[in-house]
Amino acid sequence: MRSRGLGSQMQSEPRRFYDGGVLAIGDRIGLPPDPEADPRIVLERHLPDGVEIFSLERRIAYRDRVLGELLVPASPDFRTDLTSTPALFTWLVPKTGAHLPAALVHDALVDGGGAASYTSTEGHTVDRVEADRVFRDAMADTGTGIIRRWIVWSAVTAATIFVPGGLPWSTAMRWAHRAGVAVSLALTVYLGYSATGDLFDRAWPLAWQVPWMGERVWWVEILGGLTGAIVIPLVLSLLWGRFRVAGAIAGTVLAVLLHVSVALGVVSFGYLLLERLSARAPLVARALAITVAFAALAGFAWFTLGSRA
């Protein structure tokens with residue numbers, strides 16, 4: 001199938017989702033899909049090894065524009081973590097929301113390599129690349145905004161490139177795409193690192209002085225860095241081959257949000273460290289909290305009184 005371009009608008013059709021009925025398991029009588037009924041997402045929570053995952057008590061039916069009717073899940077063993085978003089980016093793509101039905105359909109399409117987890121009444125076999133396209137179109141039908149759904153599609157496409165068996169091509173083609181994507185992402189991070197050193201006028205180890213920033217006024221350097229965060233990923237996206245659209249989006253998002261992601265990562269790591277310390281050494285954690293409080297109080301007094309001196 002030929003992929004729709006980023007600029008093309010897809011008409012949202014919520015009725016493409018409908019109730020998929022109930023699987024027949026053991027003595028339980030199954031129920032067929034009902035195209036006239038709204039989809040019913042009934043989840044059962046599981047906590048294997050403390051990790052939260054869910055199973056679906058009812059199937060979701062989705063009528064794809066190319067593949068026809070897809071019924072998920074087709075296996076009672078199917079498990080999902082809802083939208084597979086890293087904790088650092090749930091502010092951008094939450095674990096649940098309007099896009100949840102599309103995320104569940106995608107999870108079932110790619111679970112365990114495909115056919116055991118979904119039923120296509122048109123007899124189609126769906127590989128991961130096609131499943132990612134279904135996900136993007138299905139998000140449009142849920143009313144998910146165009147920017148969010150293309151960002152999510154780019155992220156799952158990157159995962160498809162690296163996951164074993166994700167690309168239904170020869171081994172040489174798979175590794176060529178993986179190498180191109182790895183190089184483009186590594187260069188994006190490296191240039192972001194160099195640009196940060198340039199902005200603060202620091203000669204960081206192995207950093208390169210990026211010419212689009214240079215020795216200028218700070219706000220001009222920031223604007224220069226922003227233009228580089230857009231232009232460079234567009235050029236590097238060519239290394240993604242047929243997935244260059246995903247490369248352009250993923251690279252730009254990575255470059256623009258690199259510093260935000262690092263800051264959030266530091267805060268998240270600090271929080272997790274404090275949680276673990278509180279659980280394993282509560283007295284040490286309490287002493288640390290008291291020390292930080294007194295240090296903050298002393299610092300506040302010094303800054304306040306010092307500014308009047």
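**Figure 1. Charges across the predicted chain.** In this predicted model, the chain carries 28 positive and 27 negative charges. The mean positions of the two sets are 4 Å apart. The accessible surface of the chain comes to about 17600 Å². Carbon and sulfur atoms account for 67% of that surface.

**Figure 2. The order of helices and strands.** The chain has eight helices and six strands. Read from the N terminus, the order is β-β-β-β-β-α-β-α-α-α-α-α-α-α. Along its principal axes, the C-alpha trace spans about 80 × 50 × 35 Å. The chain has 309 residues, and 38% of them count as buried. Now take the contacts with a separation of 6 or more: 57% of these join residues 24 or more positions apart.

**Figure 3. R58 and its contacts.** R58 sits in the loop between β3 (residues 53-56) and β4 (residues 60-64). Is R58 buried or exposed? R58 counts as buried, because its relative accessibility is 13% and the cut-off for buried is under 20%. Which residues does R58 touch, leaving aside neighbours within four places in sequence? They are D19, G21, V22, L31, R40, V42 and P73. Look at D19 in particular. R58 and D19 are 39 residues apart in sequence. Their C-alpha atoms are 7.9 Å apart in space.

**Figure 4. A cis bond and a positive phi between β5 and α1.** Most residues other than glycine have a negative phi, and most peptide bonds are trans. This view shows an exception of each kind. A cis peptide bond joins V72 and P73, with omega at about -10 degrees. P73 lies in the loop between β5 (residues 68-72) and α1. P73 is also among the contacts of R58. L82 is found in the loop between β5 and α1 too. L82 is not a glycine, yet its phi is positive, at about 65 degrees. L82 counts as buried because its relative accessible area is 11%.

**Figure 5. D201, with another positive phi.** D201 is placed in the loop between α4 and α5. Its phi is near 55 degrees, a positive value in a residue other than glycine. How does D201 count in terms of accessibility? D201 counts as partly exposed, because its relative accessibility is 48% and the class for exposed starts over 50%.

**Figure 6. The largest pocket.** Rolling a probe the size of a water molecule over the atoms shows where empty space is left. How much space lies in the largest pocket? About 810 Å³. The lining of this pocket is made of 32 residues. Closest to the pocket centre are P86, I151, V152, A155 and V156. Several helices each supply at least two lining residues: α1 (100-110), α2 (128-141), α3 (146-162), α6 and α7 (258-280). Which helix gives the most? That is α3, with seven residues.

**Figure 7. The second largest cavity.** A search of the whole structure finds two cavities of 30 Å³ or more. The second largest holds about 40 Å³ of space. Its lining consists of S184, L185, T188, P233, L236, S237, W240, G247 and G251. Which elements give two or more of these residues? They are α4 (171-199), α5 (218-236) and α6. The largest share comes from α4, with three residues.

**Figure 8. T252 in helix α6.** T252 is found in helix α6, which covers residues 244-256. T252 counts as buried because its relative accessibility is 19%, and the cut-off is under 20%. Not counting residues up to four places away in sequence, T252 touches A229, I230 and P233. P233 also helps to line the second largest cavity.

**Figure 9. L238 in the loop between α5 and α6.** L238 has its place in the loop between α5 and α6. Is L238 buried or exposed? L238 is exposed, because its relative accessible area is 60%. Compare its position with that of D19. The two residues are 219 residues apart along the chain. Their C-alpha atoms are separated by 41 Å. D19 is also one of the residues in contact with R58.

Notes: Residues numbered from 1 in each chain as written. Predicted model: local features only at pLDDT ≥ 70, side-chain atom pairs only at ≥ 80, totals over all residues. Heavy atoms only, no water. Helix = DSSP H or I, 4+ residues; strand = E, 2+ residues; numbered from the N terminus. Buried < 20%, exposed > 50% of the residue type's maximum accessible area, 1.4 Å probe, protein only. Contact = heavy atoms within 4.5 Å. Areas by Shrake-Rupley, 256 points an atom, 1.4 Å probe, with all protein chains shown as cover. Lys, Arg positive; Asp, Glu negative; His and termini not counted. Charge placed at Lys NZ, Arg CZ, Asp CG, Glu CD. 1 Å grid on protein atoms, 1.4 Å probe; cavity = no way out; pocket = protein on both sides within 12 Å on 5 of 7 lines; lining within 4 Å. Points joined across faces, edges and corners; volume = space filled by probe spheres on them.
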